Amino acid sequence: MNTNLKAYKQAAMMKTDYRSQEANLFKRVTFGLIEGKANPDGIGLVRAASDNRLLWQTVVNLLRDDQNRLPAPLRAQIISIGQTVIREIDENATGKLDVDFLIDINTQMIEGLAAQGEAPPMAAGPQSERRGA
């Protein structure tokens with residue numbers, strides 16, 4: 001089974017709120033980046049960068065949905081960050097990937113998701129409601 005799909009299913013099965021599930025996904029991907037950075041000659045970093053790209057592409061797609069409940073300015077900011085992350089990976093995946101930048105951005109997302117009561121989760125909307133059903 002695809003590692004990303006397995007991680008998503010594990011997170012979805014956890015009895016936690018959507019923000020915690022989203023934070024857990026970012027934590028898993030960030031941990032892969034940290035491991036990949038420690039062993040840059042292995043395939044782990046390429047795989048972790050690919051996982052990170054997939055995560056951010058999903059986030060960007062969810063935020064572009066007009067039914068997403070996050071405030072428009074916040075959505076625009078996160079989309080801009082996501083596009084920067086995706087561009088960094090696309091342009092440098094086999095070269096000089098700035099892994100520290102990717103880890104820092106993901107860590108900031110984890111911290112933002114951990115903040116209570118400030119905003120609904122990124123996936124909020126009809127899609128996230130179906131996810132938990």
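Helices (H or I, at least four residues) and strands (E, at least two) are DSSP runs, numbered from the N terminus. The structure is a predicted model, in which local features need pLDDT of at least 70 and side-chain atom pairs count only at pLDDT 80 or more, while totals for chains, interfaces and linings use all residues. Residues are numbered from 1 along each chain as its sequence is written, and side-chain values use heavy atoms, with hydrogens and water left out.

**Exercise 1. Describe the overall make-up of the chain.**

Solution. Begin with the elements: the chain has six helices and zero strands. Along the sequence the pattern is therefore written α-α-α-α-α-α, given that helices and strands are DSSP runs numbered from the N terminus. Next, consider burial, where buried means under 20% relative accessible area, exposed over 50%, and partly exposed in between (1.4 Å probe, protein chains only). Of the 133 residues in the chain, 39% are buried. Finally, consider contacts, a contact being heavy atoms within 4.5 Å. Among contacts in the chain with a separation of 6 or more, 63% come from residues 24 or more positions apart.

**Exercise 2. Determine how α2 is placed against α3, and which residues form the contact.**

Solution. Axes are lines fitted to C-alpha atoms, for helices over the stretch in contact, and angles run from 0 to 180 degrees between N-to-C directions. Helix α2 covers residues 18–38 and helix α3 residues 44–64; they pack at about 155°, with axes 8 Å apart. Angles under 35 degrees count as roughly parallel, over 145 as roughly antiparallel, 65 to 115 as roughly perpendicular and the rest as oblique. The two helices are therefore roughly antiparallel.

The crossing of α2 past α3 is left-handed, a term used if the near helix is turned anticlockwise from the far one by less than a right angle, with right-handed used if clockwise. On the α2 side, the contact is made by L25, F26, V29, G32, L33, G36 and K37; on the α3 side, by G44, L45, A48, A49, D51, N52, L55, W56 and V59. To sort these residues, Ala, Val, Leu, Ile, Met, Phe, Trp, Tyr, Cys and Pro count as nonpolar, Asp, Glu, Lys and Arg as charged, and the others, Gly among them, as polar. The contact of α2 with α3 then has ten nonpolar, four polar and two charged residues.

**Exercise 3. Find the aromatic pair and state its geometry.**

Solution. Rings of Phe, Tyr and Trp (its six-membered ring) pair if their centres lie within 6.5 Å; planes under 30 degrees apart count as stacked, over 60 as edge-to-face and the rest as tilted. The count by this rule is one aromatic pair. F26 and W56 form an edge-to-face pair, with 5.4 Å from centre to centre and 70° between the planes. The pair links distant parts of the chain, since F26 lies in helix α2 and W56 in helix α3, 30 residues apart. As for burial, F26 is buried at a relative accessible area of 1%, and W56 is buried at 0%.

**Exercise 4. Establish how α5 lies against α3 and against α2.**

Solution. Take α3 first: its axis and that of helix α5 (residues 99–114) come within 12 Å and cross at roughly 40°. These helices are therefore oblique to each other. From α3, the residues L45, N52 and W56 meet V99, L102, I105, N106 and M109 of α5. By class, this contact has six nonpolar, two polar and no charged residues.

Turn now to α2, whose axis comes within 9 Å of that of α5, with a crossing of roughly 160°. This makes α2 roughly antiparallel to α5. The crossing is left-handed. The contact of α2 with α5 comprises eleven nonpolar, four polar and five charged residues.

**Exercise 5. Compare the surroundings of N52 and A93.**

Solution. N52 is placed in helix α3, and at 0% relative accessibility N52 counts as buried. Leaving aside neighbours within four places in sequence, N52 is in contact with V29, L33, V85, I89, L102 and N106.

A93 is placed in the loop between α4 (72–92) and α5. With a relative accessible area of 33%, A93 is partly exposed. Apart from neighbours within four places in sequence, A93 is in contact with V46 and E88. A93 and V46 are 47 residues apart in sequence, and 6.6 Å apart in space, C-alpha to C-alpha.
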